[in-house]
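Work through the exercises below with the structure open. Each task is followed by a solution in steps.

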Amino acid sequence: MEYRRLGKTTEKISTIGMGTWRIGSYHSREERTDQIRTIRRGIELGVNLIDTAEMYGEGRSEQLVAEAISGLRDSVFIATKVLPDHLHHDDVITACDRSLQRLGVRTVDLYQIHWPNTNVPIRETMSAMEELVRVGKVRYIGVSNFSVRQTEEAREALTRSELVSNQVEYSISNRSVEDDLLPHCKRERITLIAYSPLARGAIPTSRVPKTLLQKYGMTPAQIMLNWATRDEAVVAIPKAARTDHVEENAASVSVRFGQQEYDLI
Ligand code: NAP
């Protein structure tokens with residue numbers, strides 16, 4: 001596994017993480033056991049970044065992550081998110097306490113604002129986030145779905161912490177962040193956490209050059225993940241309920257392509 005520095009910190013997170021949207025929702029005991037096994041297999045392969053949210057399955061995703069990481073807390077870097085409806089000061093504190101309880105941990109490694117909420121002053125939210133850092137319930141502060149302007153406002157609202165990450169959609173199928181957000185993240189050393197890096201499973205196979213598939217013996221999904229994370233500022237969090245998918249994803253950054261090969265995509 002390849003690891004990257006989180007923002008300006010010395011923290012190492014895996015270039016390929018695990019997203020958990022819809023993980024924790026299942027139709028049978030077997031399906032649930034499979035989801036836990038898949039996360040544990042990812043950790044075994046060196047994936048340490050696990051992304052969840054209080055929103056996912058109304059907390060069931062966090063609960064399943066808790067079970068999957070049982071006994072493995074030191075091997076994982078847990079990122080969760082607070083809902084935009086919970087951005088007033090006291091609501092942030094309560095939401096974090098609930099997430100900690102569901103996750104069965106004392107500290108969340110990365111606490112992210114899931115979406116901006118223009119009705120709540122960002123200073124109020126960030127003062128709660130910094131309070132959580134001060135009391136040891138959160139290690140790092142991040143945002144998600146923030147524009148460049150909103151990211152800058154969030155940074156300015158922090159008094160003693162750095163904003164380490166912005167989680168946004170990025171894949172071969174959606175490159176809109178390349179216009180301004182990705183260059184901004186690179187310049188300011190903010191990690192861009194790419195969500196839906198596999199286009200939510202609608203993999204555009206025809207857009208992946210056959211020459212690369214043959215040369216590297218990779219699948220279209222692996223080429224997509226490798227391409228999305230070609231820049232040091234980016235890590236990706238594909239969601240995989242299937243163990244073979246998590247294995248494939250973990251192996252996607254075992255080699256790096258040449259610049260001309262990335263340009264082909
Ligand atoms: P995604 O990761 O782009 O795609 C997930 C789909 O791809 C699933 O159907 C999965 O199948 C399939 N898949 C996984 N690995 C594969 C492989 N190697 N080959 C073929 N198919 C593969 O979509 P996503 O779930 O939207 O995004 C990933 C994560 O980003 C989420 O789980 C969540 O943590 C985060 N996210 C954040 C936001 C936000 O607002 N911050 C929004 C959306 C998503 P199986 O499950 O059957 O293995």
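## Exercises on a predicted model

**Exercise 1.** List what Ile50 touches, leaving out residues up to four places away in sequence.

Solution. In this predicted model, Ile50 touches Met18, Thr20, Ile39, Ile43, Val65, Ile69, Val76, Phe77, Ile78 and Ala79, with residues up to four places away in sequence not counted. Next, place Ile50 in its surroundings: Ile50 is one of the residues with the most contacts inside the largest nonpolar core. Ile39 and Ile69, both touched by Ile50, are also among those with the most contacts there, as are Tyr111, Ile113 and Met126. This core has 41 residues. Helix α3 (residues 89-103) gives the most to this core, namely six residues. Finally, look beyond it: another core, of 28 residues, lies apart and includes Ile172, Leu192, Val208 and Phe257.

**Exercise 2.** Describe the largest pocket by volume, lining and residue class.

Solution. Start with the volume, which is about 680 Å³. Then take the lining: 31 residues line the largest pocket, and Trp21, Arg22, Ser196, Arg200 and Lys239 lie nearest its centre. Sort the lining by class to obtain 13 nonpolar, 10 polar and eight charged residues. Last, assign lining residues to elements. Both β8 (163-169) and α9 (243-250) supply at least two residues, and the largest share, three residues, comes from α9.

**Exercise 3.** Do the same for the second largest pocket, and state which element gives the most to its lining.

Solution. The second largest pocket holds about 200 Å³ of space. Its lining consists of Tyr3, Arg4, Arg5, Gly7, Cys185, Lys186, Arg189, Ile190, Thr191, Asp231, Glu232 and Ala233. By class, these divide into four nonpolar, two polar and six charged residues. At least two lining residues each come from β1 (3-5) and α6 (181-188). With three residues, β1 gives the most.

**Exercise 4.** Is Cys185 buried or exposed? Is Cys96 buried or exposed? How many disulfides does the structure hold?

Solution. Take Cys185 first, a residue of the lining of the second largest pocket. Cys185 has 0% relative accessibility, and the cut-off for buried is under 20%, so Cys185 counts as buried. Apply the cut-off to Cys96: its relative accessible area is 0%, and therefore Cys96 is buried as well. For the last part, a disulfide requires two cysteine sulfur atoms within 2.5 Å. The structure holds zero disulfides.

Note on methods:
Residues numbered from 1 in each chain as written. Predicted model: local features only at pLDDT ≥ 70, side-chain atom pairs only at ≥ 80, totals over all residues. Heavy atoms only, no water. 1 Å grid on protein atoms, 1.4 Å probe; cavity = no way out; pocket = protein on both sides within 12 Å on 5 of 7 lines; lining within 4 Å. Points joined across faces, edges and corners; volume = space filled by probe spheres on them. Helix = DSSP H or I, 4+ residues; strand = E, 2+ residues; numbered from the N terminus. Nonpolar A, V, L, I, M, F, W, Y, C, P; charged D, E, K, R; others polar. Core = buried A, V, L, I, M, F, W, Y, C linked by side-chain atoms within 4.5 Å. Buried < 20%, exposed > 50% of the residue type's maximum accessible area, 1.4 Å probe, protein only. Contact = heavy atoms within 4.5 Å.
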